[in-house]
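Q: Could you take a close look at one helix pair in this model and walk me through how the two pack? A bit of context on the whole chain would help too.

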Amino acid sequence: MRNYLTEIYLTSTVILLLILLFLFEPALLPFFIASAVAYVFYPVFLFFNNLTGNRRRFSAFLTLLTMFLVLSFALFILIPSIIEQIQSFLNFLPILFEKLDSFFIKFFGKHFPLLHPFKLTTLKEIINEIYQKFGTIPIANLISKLFSGFFSAISIIINLIVIPFLTYYLLINSRKIVRIYLLIAPCSIQKELKLLLQKVHSSLSSYLIGQMAVALFVGLYIAIGLLFVGIKYSLLIGFVAGVLNMIPYVGFFSGLVPSLLLAIFDNGTLEAVIGVLTVFLTEVGLENLIYPLIMSRTTGVNPILILLSIFLGGYLGGLLGIVIGVPLAVILVPIFESFIEKKERLKSACGSNG
């Protein structure tokens, strides 16, 4: 066990932080959000730090300013457009599924007469029920419902102040925090722990930045491509496909299926169907070209592991579990690889001595 003390120490730290987060979620959630934001924007901080000659406080301020500009763009330009398309899409759903119902009843009635008496209205009834619950809700009420139960109005205001402050502090003191963590560790593993932390950081940062870059490319490409083809709700479809692209296979089909349905039942032309297929097939080809370039610093993470971490995270920790599931898996992979490498070396040493 002593040979694997470094891996055990780091894994225990991760488990302890997870336990504390879920036990004291209301109190620790702002710290978790600030840590995640600081980590994601750390490359921006390093860029400003090099640009300003290692002036960390000023670099942290410029990083927060960049975050504010990004958030402002999302809140005042991107999100309102997406919300408008969501509201329009909810209003359009009954019309779309009316056409789908007519098609399925006609198709199955012709090719599968035995199924015709069922009239295949189950799908329509399900969608109508969803539409009755959400389609008539004003978007302001919908947003407030999303926040209710998680944050009160006062806690939102407090978090809007506390989280940027914590992010600023973490950016400035990131090196000091790592140094303290290493000093707390047993002296015998400090050097090895530092190397393992660097591997974990390289794996996690490369994965997150790479995934966000690919998601941004996918979202923009699909949105612009569908806009040129003339498909309704191109921005909404591109946004959803980009976000869900982080889940293997889900992003592609979450964009393709509604686009094809709209091309067939709304546009109603062969050119629209061919246009949609062209957009998504070229997107796959381009993504396969740029993905290895963006993710070149890592060996990648198995798609099965990503799906498993999402499902397990959702089952054990709900929404928060889904959010942290994949990063947690990416953190644990280098630790597990280090454990396996040590075990192989020890096995080889035992074999040579035997």
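**A close look at α9 and α10**

A: Of the 354 residues in this protein, 33% count as buried; keep in mind that this is a predicted model. The surface it exposes comes to about 22000 Å², and carbon and sulfur atoms supply 75% of that. As for secondary structure, you get 13 helices and 0 strands, so to speak an α-α-α-α-α-α-α-α-α-α-α-α-α run from the N terminus on. If you look at contacts between residues at least 6 apart in sequence, 71% join residues at least 24 apart.

Now for the pair itself. Helix α9 covers residues 190–229 and helix α10 covers residues 234–244. They pack at an angle of about 155 degrees, and their axes sit 7 Å apart. That angle makes α9 roughly antiparallel to α10, since anything over 145 degrees counts that way. As for handedness, the α9 and α10 crossing is right-handed.

Who's touching whom? On the α9 side, the contact residues are Ala215, Val218, Gly219, Ile222, Ala223, Leu226 and Leu227. Across from them, α10 brings in Ser234, Leu235, Ile237, Gly238, Ala241 and Gly242. Sort the residues of this contact by type and you end up with 9 nonpolar, 4 polar and no charged. If the polar count surprises you, note that Gly is counted as polar here, and Gly219 in α9 as well as Gly238 and Gly242 in α10 are among the residues that meet.

Technical notes
Residues numbered from 1 in each chain as written. Predicted model: local features only at pLDDT ≥ 70, side-chain atom pairs only at ≥ 80, totals over all residues. Heavy atoms only, no water. Axes fitted to C-alpha atoms, helices over the stretch in contact; angles between N-to-C directions. Helix = DSSP H or I, 4+ residues; strand = E, 2+ residues; numbered from the N terminus. Parallel < 35°, antiparallel > 145°, perpendicular 65-115°, else oblique. Left-handed = near helix turned anticlockwise from the far one by under 90°. Contact = heavy atoms within 4.5 Å. Buried < 20%, exposed > 50% of the residue type's maximum accessible area, 1.4 Å probe, protein only. Areas by Shrake-Rupley, 256 points an atom, 1.4 Å probe, with all protein chains shown as cover.
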